Amino acid sequence: PIVTVSIPHQTETYSADQLAKAAKSAGCTQVMMAASLQEAAHQLAHRQDGVLLVTGSLFLAGEVLKNHA
């Protein structure tokens with residue numbers, strides 16, 4: 001599945017909703033939104049096929065590393 005999340009404290013980015021709509025329009029069928037990085041990680045943690053892939057922004061990658069390193 002794809003879990004979209006907005007980048008915390010960044011205003012010039014796509015929202016989780018916009019990213020989810022883009023993923024669905026590209027043909028992805030398992031798309032979910034999360035309110036935070038922690039929620040996104042939690043949604044994937046219990047899945048045996050869950051993979052966390054951070055793309056699109058060094059700001060988002062920095063937030064992930066700050067909270068999960």
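# A walk through the β-α-β part and its surroundings

Okay, let's start with helix 1, whose buried residues pack against strand 1 (2–5) and strand 2 (31–34). Before going on, a word of caution: this is a predicted model. The average pLDDT over the chain is 84, and 94% of the residues score at least 70. Taken element by element, helix 1 has the highest mean pLDDT, 94, while helix 3 (residues 58–68) has the lowest, 78. Keep in mind that where pLDDT is low, the predicted coordinates should not be read in detail.

So, back to helix 1. Which residues of helix 1 are buried? Helix 1 covers residues 16–25, and the buried ones are A16, A20 and A23. Looking down the helix axis, you'd see these buried residues fall within an arc of 65°, so they line one face of the helix. If you're wondering about the spacing, an α-helix has 3.6 residues a turn, so residues three or four places apart point the same way. Now turn helix 1 around: on its other side, K21 and S25 are exposed. And just after the helix comes G27, which has a positive phi, near 105°.

Let's zoom in on A23, one of the buried residues of helix 1. Its relative accessibility is 11%, and anything under 20% is called buried, so A23 counts as buried. What does A23 touch, once we skip residues up to four places away in sequence? A23 touches I2, C28 and V31. There's a distance you can check on screen too: A23 and V3 are 20 residues apart along the chain, and their C-alpha atoms are separated by 9.8 Å.

Now the strands. Strand 1 and strand 2 run parallel, and 4 bridges join them. Going from strand 1 through helix 1 to strand 2, the chain makes a β-α-β crossover, and this crossover is right-handed. If you want to line the two strands up by eye, I2 stands opposite V31 in strand 2, and V5 stands opposite A34 in strand 2.

Stay with strand 1 for a moment and find T4. Is T4 buried or exposed? At 6% relative accessibility, T4 counts as buried. Leaving aside neighbours within four places in sequence, T4 is in contact with A16, L19 and A20, and also with M32, M33 and A34. Remember that A16 and A20 are among the buried residues of helix 1.

Next up is the loop between strand 1 and helix 1, where I picked two threonines, T11 and T13. T11 is exposed, with a relative accessible area of 72%. T13 is partly exposed, with a relative accessible area of 32%. Not counting residues up to four places away in sequence, T13 touches I7 and Q18. Two more distances for you to try: the C-alpha atoms of T13 and S57 are separated by 9.1 Å, with these positions 44 residues apart along the chain. For T11 and G62, 51 residues apart along the chain, the C-alpha separation is 16 Å.

On to helix 2, residues 37–45. Here the buried residues are L37, A40, Q43 and L44. Down the axis of helix 2, these fall within an arc of 125°, so they line one face of the helix. The face turned away from that buried side carries the exposed residues H42 and A45.

Q43 deserves its own stop. Q43 has 16% relative accessibility, so it counts as buried. Which residues does Q43 touch, not counting those up to four places away in sequence? Q43 touches V3, M32, M33 and A34. M32, M33 and A34 also turned up in the contacts of T4.

Last stop, the largest nonpolar core. How many residues make up this core? There are 5 residues in all: V5, I7, L37, L60 and V64. L37 is the one we just met on the buried side of helix 2, and V5 is the residue that stands opposite A34. As for L60, leaving out residues up to four places away in sequence, L60 touches V5, I7 and L37, along with V54 and T55.

Okay, that's the tour. Have a go at finding these residues in the structure yourself.

Methods: Residues are numbered from 1 along each chain as its sequence is written. This is a predicted model: local features need pLDDT of at least 70, side-chain atom pairs count only at pLDDT 80 or more; totals for chains, interfaces and linings use all residues. Side-chain values use heavy atoms; hydrogens and water are left out. Buried means under 20% relative accessible area, exposed over 50%, partly exposed in between (1.4 Å probe, protein chains only). The arc is that of the directions from the helix axis to the C-beta atoms. Contact means heavy atoms within 4.5 Å. Two strands pair if DSSP finds at least two bridges between them. A crossover is right-handed if, with the strands pointing away from the viewer, the path from the first strand over the helix to the second runs clockwise. A nonpolar core is a set of buried Ala, Val, Leu, Ile, Met, Phe, Trp, Tyr and Cys residues joined through side-chain atoms within 4.5 Å. pLDDT is the predictor's confidence in each residue, from 0 to 100.
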